[in-house]
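Here are some notes to read alongside the structure, for anyone meeting it for the first time. Please keep the view open and go through the points in order.

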Amino acid sequence: VFIVDVHGTDRICQSGTLVVDSNADIDPHIHRLLAMTMPLRPDDLGSASFKKRHGIRYACVAGAMANGISSVELVTAAGRAQMIGFFGSAGLSRHELENALIRLTTEASAIPWGVNLIHAPGSPDREAMMVDLYLKYGVRCISAAGYLRLTLPLILYRLRGIHRAADGAVVCPNRVIGKVSRMETARQFLSPPPAKIVARLRETGKITEAEAELSCYVSVADDITAEADSGGHTDNRPAINLLPSMLALRDECREKFAYANTPGI
């Protein structure tokens with residue numbers, strides 16, 4: 001979009017040729033350029049690092065609505081559209097969830113996708129079961145929701161397979177997007193895994209010594225979803241206040257822990 005001076009009047013046009021001409025002021029067909037904007041395409045929007053991290057073209061996420069409402073079909077459609085979708089695993093039986101994972105690993109093997117992991121404080125075995133299935137079927141991205149405190153299954157998922165690349169960089173093959181509405185919960189996701197949980201996982205043989213040693217170099221979450229008021233199950237903070245606070249917290253944690261890659265919000 002170009003804004004040009006046409007005989008003293010501002011006009012707008014969307015085509016033309018930019019010229020540098022000393023005689024422009026006397027040429028009636030050349031108008032002085034006042035301002036311009038370059039084209040802005042949908043794939044120009046959003047964080048470049050977020051898109052690269054998740055292998056997507058558009059910075060758009062289809063959230064994980066429970067009971068399979070965010071279905072295999074929805075998730076695969078989002079992936080084929082070069083976005084990322086999360087299967088809504090909450091409320092499903094082990095059999096239903098496993099069947100969905102089998103379909104996703106087959107039908108969505110070449111596109112980005114993820115699965116929800118919802119905290120179940122009254123059913124810790126269910127959370128462990130879900131993580132076991134995610135590790136079994138090679139789920140590489142989860143949306144972790146409903147957490148007040150981090151748990152062993154969540155940290156196990158995050159640290160399983162962590163290693164150093166040939167160039168020395170620490171690589172976490174399992175990505176976590178933490179969905180949070182409170183600052184104290186966001187801080188946990190933006191910090192390295194708690195040492196006590198890491199030690200417990202190491203003692204029980206869930207992770208290796210090498211995986212435990214590398215845990216201090218990464219945050220629990222690669223990205224954070226700042227969940228504002230969304231139907232009553234948050235603390236009802238408006239997004240206009242919540243988002244800047246979490247961005248400031250992200251920057252604080254980045255400086256404190258000196259992560260190689262900055263978590264996204």
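1. Let us begin with helix H3, and with the side where His95 and Thr106 are exposed. Please keep in mind from the start that this is a predicted model. Opposite these two, H3 has its buried residues: Leu97, Glu98, Ala100, Leu101 and Leu104. They cover an arc of only 160° around the axis, which puts them on the same side of H3.

2. What do the buried residues of H3 pack against? Their partners are helix H2 (72–80), strand S5, strand S6 (114–118) and helix H4 (124–136). As for its length, H3 has 14 residues and spans 20 Å from first to last C-alpha, close to the 20 Å expected at 1.5 Å a residue.

3. Just before H3 comes a loop that deserves a look. Ala90 sits there, between strand S5 (84–87) and helix H3 (94–107). Is Ala90 buried or exposed? With a relative accessible area of 11%, Ala90 is buried. Leaving aside residues up to four places away in sequence, Ala90 touches Ala66, Asn67, Asn116, Ile118 and Arg126. Val176, on the other hand, is 86 residues from Ala90 in sequence, and their C-alpha atoms are 16 Å apart in space.

4. One of the residues touched by Ala90 is Asn67, and its backbone is worth a check. Most residues other than glycine have a negative phi. Asn67 is not a glycine, yet its phi is positive, at about 60°. Its place is the loop between strand S4 (61–62) and H2. Gln82 is also a non-glycine residue with a positive phi, here of about 65°. You will find Gln82 in the loop between H2 and S5, and at 38% relative accessibility this residue counts as partly exposed.

5. Now to the charged pairs. Side chains of opposite charge can pair when their charged atoms come close. How many salt bridges does the structure hold? There are 14 salt bridges. In one of them, Arg53 meets Asp223, with the closest N and O atoms 2.6 Å apart. This pair links distant parts of the chain, as Arg53 belongs to helix H1 (residues 48–54) and Asp223 to strand S11 (residues 223–226), 170 residues apart. At 2% relative accessibility, Asp223 counts as buried.

6. Asp222 has a salt bridge too, with Arg158, and here the closest N and O atoms are 2.9 Å apart. Arg158 lies in helix H5 (residues 152–159) and Asp222 in the loop between helix H8 (209–214) and S11, so the pair ties together parts that are 64 residues apart in sequence. Both Arg158 and Asp222 are buried.

7. Another salt bridge joins Arg250 and Asp251, whose closest N and O atoms are 3.0 Å apart. Arg250 counts as buried at 19% relative accessibility, because the limit for buried is under 20%. Asp251, with a relative accessible area of 28%, is partly exposed. Elsewhere, Arg41, Asp43, Asp44 and Arg57 are joined into one network by salt bridges that share partners.

8. Finally, please turn to the surface. Which residues form a nonpolar patch there? They are Val1, Ile3, Ile12 and Leu34, which together have about 340 Å² of accessible area. Val1 is in the segment before strand S1 (2–6), and counts as partly exposed at 41% relative accessibility.

Technical notes
Residues are numbered from 1 along each chain as its sequence is written. This is a predicted model: local features need pLDDT of at least 70, side-chain atom pairs count only at pLDDT 80 or more; totals for chains, interfaces and linings use all residues. Side-chain values use heavy atoms; hydrogens and water are left out. Patches are made of residues with over 30% relative accessible area and no salt bridge: like charges are joined within 9 Å, nonpolar side chains (Val, Leu, Ile, Met, Phe, Trp, Tyr) within 5 Å. Accessible areas come from the Shrake-Rupley method with a 1.4 Å probe; for residues, only the protein chains shown count as cover. A salt bridge is a side-chain nitrogen of Lys or Arg within 4 Å of a carboxyl oxygen of Asp or Glu. Helices (H or I, at least four residues) and strands (E, at least two) are DSSP runs, numbered from the N terminus. Buried means under 20% relative accessible area, exposed over 50%, partly exposed in between (1.4 Å probe, protein chains only). Contact means heavy atoms within 4.5 Å. The expected span of a helix is 1.5 Å times one less than its number of residues. The arc is that of the directions from the helix axis to the C-beta atoms.
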